[in-house]
Amino acid sequence: MARTALITGITGQDGSYLAEHLLAQGYEVWGLVRGQNNPRAATVQRLIPDLRLIEGDLHDQSSLIAALEAARPDEVYNLGAISFVALSFKQAINTGEITGLGVTRVLDAIRVVNPRIRFYQASSSEMFGKVRETPQNELTPFHPRSPYGAAKAYGHHITVNYRESYGMHAVSGILFNHESPRRGMEFVTRKITHTAARIKLGLERELRLGNLDARRDWGYAGDYVRAMHLMLQQSEPDDYVIASGESHSVREFLAAAFGHLGLRWEDHVVVDERFLRPAEVDVLVGDAGKARRVLGWQPGVGFADLVVMMVESDLRELTASGAASASASASAP
Ligand code: NAP
Ligand code: F7E
């Protein structure tokens with residue numbers, strides 16, 4: 001019989017890739033959407049017609065119980081969160097409510113409705129924050145540097161706690177940054193590739209950024225959702241780091257993206273203090289050795305190919321939307 005999965009955060013980057021991956025494996029897939037008329041629900045439904053959407057909110061316990069009772073999933077993937085670190089400084093309490101306490105709401109709804117449901121928690125390398133060792137692995141202590149990182153650390157610990165207290169098959173994937181053409185425009189990679197493409201097409205002149213020295217371990221989202229699924233197929237629940245093992249600076253990302261378009265980033269980038277954070281995570285690099293050994297997981301797309309994939313996708317989208325020709329005719333004499 002086909003297995004059933006319920007994904008929170010279905011309208012986000014990872015939600016859509018995971019839904020596609022699970023449908024390809026023969027799953028029936030349900031996605032939780034919030035709000036009375038969430039425009040992103042229509043977008044994801046158009047992209048993935050076989051997906052079944054159901055209403056619910058990580059703020060609202062009874063909506064989660066109702067979603068579990070309606071979808072009757074074998075597996076729940078909790079991807080819903082306030083996931084933008086910069087926003088978490090401005091909405092620290094809301095971030096605690098959704099990114100942190102939201103995890104307990106889902107876990108407790110599962111405990112009540114059917115504790116045999118397997119549960120995946122989207123933990124984050126942001127929990128390592130001011131890193132205690134390099135590279136970071138499953139045993140590296142946490143030192144979060146933002147309300148987001150602190151809320152994720154809580155979500156991580158409560159997942160382990162439900163596993164140990166109630167024998168639930170609850171796992172936590174500690175994922176390092178992963179990107180794609182579907183990445184939100186607020187994140188630095190997509191902000192760079194989208195603006196670089198606009199500059200190339202004559203639609204923009206400058207790109208305003210914050211800290212160019214920050215280093216991240218960037219992988220491809222399509223590779224990382226495979227790891228989420230693999231974690232829930234193991235006989236014993238456990239936690240895994242998922243990472244590429246390479247670290248690159250924002251500056252290196254800029255050079256790769258602008259370079260691909262034959263542009264010099266130095267001619268366009270302006271450092272703007274508005275994009276600096278009250279506390280920064282300077283450098284992250286993960287050790288995914290355990291996931292490689294136990295899950296047999298490995299990434300397929302490397303840093304250079306990821307940057308080109310994102311730049312090319314933004315160029316294609318902008319060209320197809322007619323933005324470039326509209327700008328040319330507007331500026332014609
Ligand atoms: P994303 O694109 O920002 O998506 C976040 C999702 O959460 C959206 O679907 C959003 O739905 C949903 N959401 C927000 N508030 C909600 C609420 N109150 N109730 C229900 N859903 C709510 O994030 P992503 O990049 O796909 O990441 C997926 C998960 O992995 C997140 O938990 C993120 O923190 C974590 N993570 C991401 C990375 C990464 O590099 N991408 C790395 C480590 C961990 P709306 O359409 O309603 O806003
Ligand atoms: O920032 C620097 C910024 O917002 C990366 C989320 O998916 O990954 C993501 O969190 C770096 C930071 O991602 C700008 O200061 C410079 O050092 O793309 P980001 P993030 O904060 O690493 C983790 C693993 C998650 O779990 C999160 O959910 O880039 N940076 N200038 C900038 N960042 C942004 N957004 N905008 C700038 O203008």
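A polar contact here is a pair of N or O atoms within 3.5 Å. With that in hand, here are the close-ups; keep in mind that the model is predicted.

**View 1. Polar contacts around ligand 1.** Start at Leu58, where a polar backbone atom sits 2.9 Å from a nitrogen atom of ligand 1. Tyr148 joins in through its side chain, with an N or O atom 2.6 Å from an oxygen atom of the ligand. Arg183 does something similar with a nitrogen atom of ligand 1, this time at 3.2 Å from an N or O atom of its side chain. On its own ligand 1 would expose 900 Å², and the protein buries 92% of that.

**View 2. Who makes up the shell of ligand 1.** Pull back a little and you can count 26 residues surrounding ligand 1. Thr11, Asp14, Arg34, Ser83 and Tyr148 are the closest of them. Which element gives the largest share of this shell? That would be S5, with three residues. Sorted by class, the shell around ligand 1 holds nine nonpolar, 11 polar and six charged residues.

**View 3. Side chains reaching ligand 2.** Three side chains are worth picking out in this close-up. Asn177 places an N or O atom of its side chain 2.8 Å from an oxygen atom of ligand 2. For Arg277, a polar side-chain atom is 2.7 Å from an oxygen atom of the ligand. Glu280 also has a side-chain N or O atom by an oxygen atom of ligand 2, and here the distance is 2.6 Å. Ligand 2 taken alone exposes 700 Å², of which the protein buries 96%.

**View 4. Ligand 2 between two domains.** Why does ligand 2 lie between domain 1 and domain 2? Because both domain 1 (4-179 + 221-242) and domain 2 (188-216 + 247-284 + 301-324) give residues to its shell. There are 23 residues around ligand 2, and Ser83, Ser124, Tyr148, Arg277 and Glu280 come nearest. Helix H7 (188-200) and strand S8 (207-209) each put at least two residues into the shell. The class tally for the shell around ligand 2 is nine nonpolar, six polar and eight charged residues.

**View 5. Ala151 on helix H6.** Now zoom in on one residue of helix H6, Ala151. Is Ala151 buried or exposed? Its relative accessible area is 6%, so Ala151 is buried, the cut-off being under 20%. Val103 is 48 residues away from Ala151 in sequence, yet their C-alpha atoms are 9.6 Å apart in space.

**View 6. Gln61 on helix H3.** Gln61 belongs to helix H3 (residues 61-71). With a relative accessible area of 25%, Gln61 is partly exposed. Look for Arg105 too: Gln61 and Arg105 are 44 residues apart in sequence, and 5.9 Å separates their C-alpha atoms.

**View 7. Stepping back to the whole protein.** After the close-ups, here is the setting. The protein has 12 helices and 13 strands. Its C-alpha atoms fill a box of roughly 70 × 45 × 40 Å along the principal axes. For 333 residues, a compact globule would have a radius of gyration near 20 Å, and the protein's 20 Å agrees with that. Of those 333 residues, 52% count as buried.

Technical notes:
Residues are numbered from 1 along each chain as its sequence is written. Chains are lettered from A and ligands numbered from 1 in the order in which they are written. This is a predicted model: local features need pLDDT of at least 70, side-chain atom pairs count only at pLDDT 80 or more; totals for chains, interfaces and linings use all residues. Side-chain values use heavy atoms; hydrogens and water are left out. A residue is near a molecule or strand if one of its heavy atoms lies within 4 Å of it. A polar contact is a pair of N or O atoms within 3.5 Å; within protein, one must be able to donate a hydrogen and the other to accept it, and residues adjacent in sequence count only if both atoms are side-chain atoms. Accessible areas come from the Shrake-Rupley method with a 1.4 Å probe; for residues, only the protein chains shown count as cover. Helices (H or I, at least four residues) and strands (E, at least two) are DSSP runs, numbered from the N terminus. Ala, Val, Leu, Ile, Met, Phe, Trp, Tyr, Cys and Pro count as nonpolar, Asp, Glu, Lys and Arg as charged, and the others, Gly among them, as polar. Domain bounds come from an automatic or database domain assignment. The radius of gyration is taken over C-alpha atoms; the globule rule is 2.2 Å times the number of residues to the power 0.38. Buried means under 20% relative accessible area, exposed over 50%, partly exposed in between (1.4 Å probe, protein chains only).
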